[in-house]
Structures are given as C-alpha cells and as structure tokens.
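Visitor: I'm new to this one, so could you walk me through it and tell me why things are called what they are called?

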Amino acid sequence: MTFFLQLIVTGVAQGMVYALIAIGFVIILKCSEVFNIAQGHFVLIGGYLGWTFLVLLGLPIWAALLAAIATAVIMGLLIERLMLRPMVGKPVLAVIMMTIALSTVLGGVATLLWGAEYKAYHGLLPTIIMKVGTISIPSESLIGLIVSVICVAILMFLFRYTKIGLAMRATAEDLQVVQSVGIKATTVYAVSWVIASVVGVIGGILLGGVSGANMDLANIGLKAFAVVLLGGVNSVGGAILAGIILGMLENVAAGYLDPILPGGGLAQVFPFFVMIIVLVFRPHGLFGLAHIERV
Amino acid sequence: MLEVNNIEVVYMNVIRVLRGVSLMVADGQIVALLGANGGGKTTTLKAISGMLKTEEGEVTDGSIEFDGKRIDRFGPEHIAVLGISQAMEGRRVLAHLSVEENLLVGAYRRKDRQGVKQDLEMVFDYFPAVKRLRRRMSGYLSGGEQQMLVIGRALMARPKLMLLDEPSLGLAPLMVQEIIEIIKQINVDQEMAILLVEQNVRAALDIAHYGHVLENGRVVLSGPAEDLKDNEDVREFYMGLSKVGAQRSYREVKHYRRRKRWLG
C-alpha cells in the first residue's frame, strides 16, 4: 500500500508538470486553432536553459527561474513576430506546418548551443524531503508540484479576472467579433505564444531537475499532446486533470508493470493506451467543451 | 459623418460584389439598407467596418470617409476605435462567455471604467431580459435574447455609428417589433447614428430617416423613408403589397406584368 501511495504521489507531482506544459498548448489551440507541434521543444529549450543558469552561471534557483522566464518571454515574442505573424490569415494547416518548422529550428538551436549532450543538474534544486506517514516525497517532485500549482493558479487568475484574459477567451470564440470591437488579434496571439513558451520552459527546468537535460525532453511534447487529447483540446481544467491522471498512470505502470515485463519501458506507452480507450468512448476528451448547438 | 463614395468591392481578387455604392449617414440618422438577397448589403457594412479584410475582400475603387477621415484602408480593430461598431449578422455571441462578459468585450478598448459601468446599466435598461441572465453562459440564450445581447455589445463601445446587420433575422414578429422599437429608442436617446440592414422592409422604413435599395451591387433606389414607403416598386417587391395597400392575392396576379425596372 505504501508503495502504491508513493507511486500515486510522485505521479501527481509529475502529472502537474505535464499539465502545465499542456496548458501552453491548449492556449494556442484555443486562441488560434493552431496545433503547436513545437510545444515539446519549448520544454527542451527549458531543460537546457535550466542547466545554463543553474550550473554554468551558478545562479540561485529563483534567479535561474526568473532568467529562464525572461528568456522564454523573449523567445515567445520573437517566434510570434517572425514566424507566426506573417501567417495570420493563412490556412490553419499552413500555420501548423510552420510550427513543425519551428520545432526543427528549436531542436537545431539546442544542438548548436548545447551540443545535444546530456547535461545533468540533478540535486541542484534545493532538497526538501517531506514525509507524510510512511510516504516520502522526493524534493524534485515537491518542487515540481509547487511550482506548477503556482503557475496554473496564476494562469487561471489571468484568464478569469484580467482584461487580456477576457480578450483571449473571446478570441477563442469568434475572431471576427473580437476584431470588430477593436481587440488586436495579434496582441492576443503574441500573449498566447509567450505563455506557451514560458510554461514550456518552466516545465523543462522542472523535468530537467529530475532527469537532467537531453534531447529526449522534446518528446515530453508528445505527452502534452496525450494530455490535451485526453482532457479535451479546448479545456484548461481538463488539461490539468488529464495531466495528473497521465502522471499517475505512468508511475503506477512503471512501479508494477515494468518489473514484470522484460525490458521495461511500458510506463512510457501505458498512458497512451488509456488515452486511446478514453477517446474511443469520448471523442471530445474527458472535459472538452461541447459545441453549443441551439435547436 | 459617414460618406461612402462609389465603392467597388472585390472578393478574392475575382468576385465583384459591389459596383459603385454611394451613401451617406448624417449625425443622429437611421439609414436603412434594403434589398434582395445577394444585393451587397452585408458587404457594404463589412466594407465600412473593415471586416472585409478578414474575408479576403478588398475595396478596389471609391472611398469611405468617416468624420472627414478616409478609413477604407484601415483594419477592423482600428475602425472600431474610431467609433464604428458592428453587430454582425446571425447573432454572433461569444457562446462560452457569460452575458456580462460578452458586454464587457464590447467595451474592451474603453479606458473610462466608470462610464463602462454606467453603460452596462444602460444596456440592461434597454434590455431587461438580458439583465436577468447576466451570469448565464450566452450560448444558451434564446434567439431574441442573443440578438439583444449582440446589439448591447455593439452599444457598449459607445460608438458614434452603429452598423446593425439584420437584427430581426429569425425572430418572431413580436420580437422583431420589440427590437426595432429599442433600436429607434437608442437612436433617439443616445443620438447615435445607425446604419441598418434589414429584410423586414416595413419595420426598417418605420424607424429609418432615409433608405437605400441595393440590387446586384448597385444602389438602385434611394430616398427619405417616407417616400420609399409609398414607392410602388418598393411596396410591390419588398413589402408584397399591391397599389391599394392590401395584401396581394397571388391567384389573380400575373407575375410577368411587372418587373423590377432596374434589372433590365
């Protein structure tokens, strides 16, 4: 039982990080109907940025986080200005192709700057061990959990109660209406890309803190897709819950199934099985917004 | 205030929809744009609001001036800020946002918080039905309520000129009457100029000061609303009335007897 709870707790913590990354994805999808293939590559860049600021420059963790966020903001703005803005008004599929290009570019940049090497910064995040009963929570998980919960809370507040949040939700509904009241769609797009880039980078640092930075971090993007599809592509709340579910499944599968099966690695695949089964019965995902149809 | 001078509009570089439309809206006036389907009424509104540019349409000739400034090259965001706000055809509510949020979106570019609050109350005064539903998700409102919401949203921008595209579309006759009356009231109370596109010709001419009839992308007839109401062609083709003003009997009428003169 302790083992199981242990797996659940680490799973939840890891799932929150997935959820955070997936929110970046959902925001872009909602605002501009673009499926951002490059979301995983933000995570990749984030992992390496974490190493750069924590190890290479030896910054304390808060300074490293701030520096990484600042870099992410600039990256998001540049990407929107240089790659996405020229595509405004073009077919959505063309824009999605552009994000494929973006993922290649970001992968290339990472290789160029950091040599595609494995960079460990394990143990550099502060060590807080928390014990609840017999379960001990590893510090990386705990930090991951806290940081993601804070970020998600900030984002939720932003959407619900600020003017730009209102503009973003409105843009997700009807672009023409939004333009007709004088909201600049380009501003909304820029903000959504900045958010996606920031949450990706933060997620990258959190995951990098657990397993170090390497090119595989980009594949986390795949998990973000799974989270998004499971939660419902246009639901932020759904992404959070689906992220947690996926994190738990992954850990439980790793704990119980991997020792049995030779070779292991089922943990990586198992959540996708579940996703497929859920999608068969609920094509909108668990919490996708139903299309309001008045009859 | 608004002057549309002989504009031509082309969609996707090939489809010419307007071929020389001119009209004027003076301060505090309601101007009705009437005509059959495909005549170019909506396109005219979109040309004014700049919305054409989001649909691969373009004003290729002529000019649109608002308060003496040429606006036909501006984007919709820019034009909205200048004081033109459009309620698009087909009750375009932001379905997953609450009623109040929908209205606040309309006031997005305004800086005067106090004024926005007052205007919110003003909209609720015009549309008490909307007030009761202010926390409701707007996608679930009835058709009439959604139409009121959309007009209210256009109002929230406190525009100098409001463009209304078929506010009566798909509404019950009683509802149409109510909405039309409120539009008139807004025009009188707020001294707001309104350019109104309507299929319901009688309702539109009842409240309008001036009217234009569009056919095949041209203005074929214009004049004060009173004159148009008495115009034989308008009565026959857009109101379905005969000379006497009585409902026409389709059993007796010979269709070829009378044609729209402007089609030839």
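Visitor: Why is Asn13(B) called exposed?

Guide: This is a predicted model, and in it Asn13(B) has 10 C-beta neighbours inside 10 Å. A residue with 12 or fewer counts as exposed, so Asn13(B) gets that label.

Visitor: And where does Asn13(B) lie?

Guide: Asn13(B) is in the loop between β1 (2-11) and β2 (15-25) of chain B. Its phi is positive, about 65°, although Asn13(B) is not a glycine.

Visitor: What makes a positive phi worth pointing out?

Guide: Most residues other than glycine have a negative phi. There's another such case in chain A: phi of Glu33(A) is near 60°, again positive in a residue other than glycine. Glu33(A) is found in the loop between α1 (2-32) and α2 (39-56) of chain A.

Visitor: Why is Glu33(A) called partly exposed?

Guide: Glu33(A) has 14 C-beta neighbours inside 10 Å. Exposed needs 12 or fewer and buried needs 20 or more, so with 14 Glu33(A) counts as partly exposed.

Visitor: What makes Ala204(B) buried, then?

Guide: The count again: Ala204(B) has 27 C-beta neighbours inside 10 Å. The cut-off for buried is 20 or more, so Ala204(B) counts as buried.

Visitor: Which residues is Ala204(B) in contact with, leaving aside its neighbours within four places in sequence?

Guide: Those are Ala32(B), Leu34(B), Leu196(B) and Glu198(B). Ala204(B) itself is found in helix α8 (residues 201-207) of chain B. As for Phe124(B), it is 80 residues from Ala204(B) in sequence and 23 Å away in space, C-alpha to C-alpha.

Visitor: How much of chain B is made up of buried residues?

Guide: Buried residues make up 45% of the 264 residues in chain B.

Visitor: How do you know that chain B is as compact as a globular protein of that length?

Guide: Chain B holds 10 helices and 10 strands. Its radius of gyration is 19 Å, and the globule rule gives 18 Å for 264 residues; the two values are close, so chain B is as compact as a globular protein of that length. Along its principal axes, the C-alpha trace of chain B spans about 60 × 40 × 30 Å. Among contacts in chain B between residues at least 6 apart in sequence, 67% join residues at least 24 apart.

Visitor: Back to β1(B) and β2(B): how do you know that they pair?

Guide: Two strands pair if there are at least two bridges between them. β1(B) and β2(B) have 8 bridges, in the antiparallel sense, so they count as paired. One of the bridge partners is Ile15(B) in β2(B), set against Tyr11(B).

Visitor: Which sheet do these strands belong to, and what makes a strand an edge strand there?

Guide: They are part of an open sheet of 4 strands in the order β2-β1-β4-β5 (chain B), with antiparallel pairing. The edge strands are β2 and β5 (69-70) of chain B, and each pairs on one side only. Helix α1 (residues 41-49) of chain B lies across β1, β2 and β4 (57-66), running at about 110° to β1(B).

Visitor: Why is the pairing in the open sheet of 6 strands called mixed?

Guide: Strands of a sheet pair through backbone hydrogen bonds, either parallel or antiparallel. The sheet of 6 strands, in the order β6-β7-β8-β3-β9-β10 (chain B), has mixed pairing. Its edge strands are β6 (84-87) and β10 (218-224) of chain B. On average, neighbouring strands of this sheet are turned by 15° against each other, direction ignored.

Visitor: How do you know that β9(B) pairs with β10(B)?

Guide: 6 bridges join β9 (residues 210-215) of chain B to β10(B), and at least two are needed, so they count as a pair, and they run antiparallel. Tyr210(B), for one, stands opposite Pro224(B) in β10(B). At another place in this sheet, helix α6 (residues 143-156) of chain B lies across β6 and β7 (161-165), at about 170° to β6(B).

Visitor: How many residues of chain A are in contact with chain B?

Guide: 16 residues of chain A are in contact with 24 residues of chain B. The largest share of the side of chain A that touches chain B, 5 residues, comes from α6(A). By class, that side has 8 nonpolar, 4 polar and 4 charged residues.

Visitor: What are the scores of the model?

Guide: The model scores ipTM 0.84 and pTM 0.85. Chain B has a mean pLDDT of 88, with 91% of its residues at 70 or more.

Terms used:
Residues numbered from 1 in each chain as written. Chains lettered and ligands numbered in written order. Predicted model: local features only at pLDDT ≥ 70, side-chain atom pairs only at ≥ 80, totals over all residues. Contact = placed C-beta atoms within 7 Å. Helix = DSSP H or I, 4+ residues; strand = E, 2+ residues; numbered from the N terminus. Nonpolar A, V, L, I, M, F, W, Y, C, P; charged D, E, K, R; others polar. Axes fitted to C-alpha atoms, helices over the stretch in contact; angles between N-to-C directions. pLDDT = per-residue confidence, 0-100. Rg over C-alpha atoms; globule rule 2.2 N^0.38 Å.
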